[in-house]
Structure formats: structure tokens, C-alpha cells
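This report describes selected features of one protein structure. Please keep the sequence and the three-dimensional view at hand while reading.

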Amino acid sequence: MKRQKTYILALVLSLGLFTGCDDGFTELNTNRVNPTSLAPSLVLNKAIISTTYLDGFGTLGMLTYNFGIVQQIITPYGSSLSGANYDQINNSNTPLVWTNFYRNVLKQLVAVLDQTKSDPLQVNTYNAARIWKAYVFMILSDTYGDVPYFEAGQGYTNEIITPKYDAQQVIYKDILKELDEASAALTTTQAAVTTDILYGGDVAKWKKLGYSFMLRAAMRLTKVDPATAQAYVAKAVAGGVFQSNADNSIIRHTAIYNNYIANHLAAREKTNFYLAAPFVNYLKDNNDPRLSVFAVRYVGAKGGQEQVAARASSDPKVQIGMPMGYNDVTITSTLAQNGVASLWDYSQVNLNTVLKLDAPEFHITYAQVQLLLAEAAVRGWVTGSAADYFGRGVRANLEQMASYGAAIPEASIKAYLDAQPLDASRALEQINTQYWVATFLDGNESFANFRRSGFPALKKNPYPGSEVKGDFIRRLPYPDSEIVVNSGNLNEAITRQGPNNLDTRVWWDKK
């Protein structure tokens, strides 16, 4: 009995001890610097950064497809690097845009929209997210065609794990509506969101961004719905598009936060990718001062180990682009006729200017806006001279080279502009060929505008193992993963759009 009392006493004392120790336990063990939630503006920043060169995920996809399709950057190598160089499907790289945008960018944007749509104090963050979402869906739909749109990104919020695919025609109609409404709804009556990574909360610049994206989206429809295209071009101009290079949408990089493509080409892919002959030849034949900014050649290099600074030259006269249609074995047959010592002797993208590690990335620029307006003027959709828009667009891109630490002298700019007047008889070709140059390193936009406009007038890639029945790749196929997780909706889209291959055209890419 005495022993039992002793146990009871010990138990009571221990319970009292534990109870006393619990005072302040939760507070003591709470990490005060570990965030439990994020401000929507910061999540929007993450979505914007994740769009940048596809946050690294799509860098190889862009290098193997977009740049090669428009014949700006090419590789002779196969295996994991095959793509537009061979006009073949590479199932490792074709899904990369899809994977990053749905798993990262759109998930973040949908979260921002859900958190801000009913908050009157976050009107600008809400509408900025709408603008960016429209831009992201342009890239997705331009790449694949019909994609999940209205039900996309709702796996966490509404448990929609097999979203319906929407027709591109419907998607573009809503993109234009969203850009129209969101741009107009941005307001200066609220305090600036100073954490905004693009414009530091400058609402006027966000409005210009929205209307400039609207202009781009409207011009996509020139072949399939010119009436809607014209109407939204007019709305964009009335709303106010970019007025100078100071308005450009830019992601700035640093020695710590690197430009993804620069990082990729400065490291493991350094000796694998080269400037394509059609791009180099166009710049060279027209004495374009941008060639010395874009290009470097390691003259006489007979291997990757000889691509050293002592051999580097950006002199336009020595640049030689790699011809299309060869692999790393057959390319040797082109060396003598091109006067190069090896495949490593062809020109590459300059890693000291446009692809230095801290080089900026541009989403849409004043130069591009002016060139789109030049085409709209040719079509009679806007007032003003097409030649004036054209001249301002070309000048703006030439001046944009200063952003890479490679400013082109005014005398060279003027000489080039004087030599490149707009010829009314071939205005659309001139405008869109200059757009090809002005979108260099923005593979998504270069690929889209090439399909829309048909310019520049490139020749079919002559690679003998091509899987493309037409002249060029028109879209990328849906990921194989969709066959497993969303086959019913995928098959409906394929039935509506056409075979899931490189030849099927997206809706706005009408013959």
C-alpha cells in the first residue's frame, strides 16, 4: 500500500512538472523567420522568373527546337540534342514548355489570382497576374495549339486533375479579352507594389505592357480573323503601347542569378551550338552592325579545347555560319568550301555580349512593337507611315544592343538605316525579316512570327533523315505523359486539331 501511494505521488509530481514545462513551449518552438505564407506580389514575381527562358527547364528545348526552326542557332549533334537540326521528334525536349508552364508558372499565377480577385486593395497585382497569364498562354498555345486553358492550374484549388483542352480560337479570344480588361483596370489610385520585379510597381508601364501584348496577340490573327485583329490593334494603340526602350519588359541578371541560356552555353554545351548560316549571311550581306554584337568565331579552332580567347574574333568579315542539314559526321564535307578548319571553327553566339552571364532577357520590346505597327500600317489598320514605324523599330533594336554592353555608334546606326529604306513592294518581307532579328534569343516569339508571317524566306532544312513532310516544323507534339493522365481530353483535342506530330498547324497558322 505504501509503495502504491509512492507511485501515485510520483505520477502527480511528474504531471505537474510536465504541465509547468509546457508554459511557452509553442512560442519557444515556433520559427519566427520561416514564412507560413507569401504575399501574392512575390508569388507573381516567381511566376515571371519561372517564365524566363522557361526557368532553365526549357533552355535545351529552345536551343534544339525554336532557334533551329528559324535557323538562327543550330547544332550538328544528335542524341539528346536532336530536334530542328534533324527535323525530328525528340521526346525529351518537346514537352519542356508544357511541363514548366503547367507545373510551375500557371500554378503560381492561379494562386495569385485566387488570393487577389476579391481584395479591393490588390487590384493591380490581380490585373498584372491576368496580363502575365495571357502572355504565358500565348506561348503555350503557340507551341502546342489546343491546350487546357479555362480549367488549367486548378488541381490544388478545385481538384481538376484532368482539365479539358480548349480550342486555340477560343483561347485567343479570351486572351485578347483578358488583356483588354486587365490593362484598363490597372489603377494609379493605390500605392505602388514596389516589390514588382518588372517595373517596381509603375502602373503606367504595366498598362503599356498589357496593350503591347495585346498588339502582339492581335497580329497573330492576321491570316484567320483579320477583322478581330484590326479591332484589337486599334484598341492596343488607343490604350497606349510602348513608347521607347525604357518601357521594355526585361528580366535583369547578375553574376549570381545568371541568364539561363548563357549559363547553358558557357558550360556543358559550349562547343555544341553554332550560329546558323542563313542568319549570319543575312546580317553579313546587309552590313548589319548587330553581327559583331551577336557573333564570335574562334578562328582556326580544330577542337573545343582550341576555342580560346586568343582565337576569338567578332569582326563581321570573318564570321561564317554553320550550314543547315548536317550532322557531326557529314558536316566535315562543308569545311573546305566554307574555309573553316573544323566544325568548331564556325561562328557562335557571343558569350561576352548577348549571352554573357548577366545579359538581360527581353519578353517584348519597343522595337518589336514598332515593327508590328509597321505591318499594321501596311494593312491600313493604324494611322501613320509604315516607313516611320519601320525605321523606329530597327533603330530601337540597334540601340538595344547597349543593354549588352555593346552600344552601336550613332554613325553606324544612321548608315544602316539609310541603307535599309522600306520598299512598299516588299514591305511585309522587310518588316518581318527585321522582326526575326529583333526577336533573336526569344525563340518562342521568333518561331511564332515566322509561322504567322512566312518571313524570313528560309529554305527547308535539307537533312536527309527529316520526319517533317512539309517545309518546316509547325508545332511541337503533346507530351507522352498526357496519354497516361489525360488521354480522353487529349484525344478530343487531336481529333479536332489534327495528328499529334510536327506537321500539324495550329489554328492561326493558316496556309
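## A nonpolar surface patch

The model discussed here is predicted. On its surface, Ile483, Val484 and Val485 form a nonpolar patch, and together these residues have about 300 Å² of accessible area. One member of the patch, Val485, belongs to helix α19, which covers residues 481–485.

## Helices α6 and α7

Helix α6 spans residues 123–144 and helix α7 spans residues 168–185; their axes come within 9 Å and cross at roughly 155°. Because angles over 145 degrees count as roughly antiparallel, α6 is roughly antiparallel to α7. The contact involves Val123, Asn127, Arg130, Ile131, Ala134, Phe137, Met138, Ser141 and Asp142 on the α6 side. On the α7 side, the residues in contact include Gln168, Ile171, Tyr172, Ile175, Lys177 and Glu178. Also among them are Leu179, Glu181, Ala182, Ser183 and Ala185. The crossing of α6 past α7 is left-handed.

## Helices α7 and α8

Helix α7 also packs against helix α8 (residues 203–219), at an angle of about 160° and with the axes 9 Å apart. The two helices, α7 and α8, are therefore roughly antiparallel. Their crossing is left-handed.

Which residues of α7 meet residues of α8? From α7 come Tyr172, Ile175, Leu176, Leu179, Asp180, Ser183 and Ala184. Their partners in α8 are Lys207, Gly210, Tyr211, Phe213, Met214, Ala217 and Ala218. Tyr172 of α7 thus appears in this contact, and Tyr172 is also listed in the contact with α6.

## Salt bridges

How many salt bridges does the structure hold? There are 27 salt bridges in the structure. One of them joins the side chains of Asp142 and Arg220, with 3.0 Å from N to O. Asp142 is part of helix α6, whereas Arg220 is in the loop between α8 and α9 (226–239), so this pair ties together parts that are 78 residues apart in sequence. Asp142 is, in addition, one of the α6 residues in contact with α7.

## Helices α14 and α15

A further helix pair consists of α14 (residues 366–378) and α15 (residues 386–400), whose axes come within 8 Å and cross at roughly 165°. The helices α14 and α15 are therefore roughly antiparallel to each other, and their crossing is left-handed. In α14, the contact is made by Tyr366, Ala367, Gln370, Leu371, Leu373, Ala374, Ala377 and Val378. In α15, the contributing residues are Ala386, Tyr389, Phe390, Arg392, Gly393, Val394, Ala396, Asn397 and Gln400.

## Backbone details in loops

Two loops hold backbone features that deserve mention. The peptide bond from Phe455 to Pro456 is cis, and its omega is near 5°. Pro456 is located in the loop between α18 (443–453) and α19.

The other feature concerns Ser79, a residue other than glycine with a positive phi, near 55°. Ser79 is placed in the loop between β1 (73–74) and α5 (96–116).

Notes:
Residues are numbered from 1 along each chain as its sequence is written. This is a predicted model: local features need pLDDT of at least 70, side-chain atom pairs count only at pLDDT 80 or more; totals for chains, interfaces and linings use all residues. Side-chain values use heavy atoms; hydrogens and water are left out. Patches are made of residues with over 30% relative accessible area and no salt bridge: like charges are joined within 9 Å, nonpolar side chains (Val, Leu, Ile, Met, Phe, Trp, Tyr) within 5 Å. Accessible areas come from the Shrake-Rupley method with a 1.4 Å probe; for residues, only the protein chains shown count as cover. A salt bridge is a side-chain nitrogen of Lys or Arg within 4 Å of a carboxyl oxygen of Asp or Glu. Helices (H or I, at least four residues) and strands (E, at least two) are DSSP runs, numbered from the N terminus. Axes are lines fitted to C-alpha atoms, for helices over the stretch in contact, and angles run from 0 to 180 degrees between N-to-C directions. Angles under 35 degrees count as roughly parallel, over 145 as roughly antiparallel, 65 to 115 as roughly perpendicular and the rest as oblique. A crossing is left-handed if the near helix is turned anticlockwise from the far one by less than a right angle, and right-handed if clockwise. Contact means heavy atoms within 4.5 Å.
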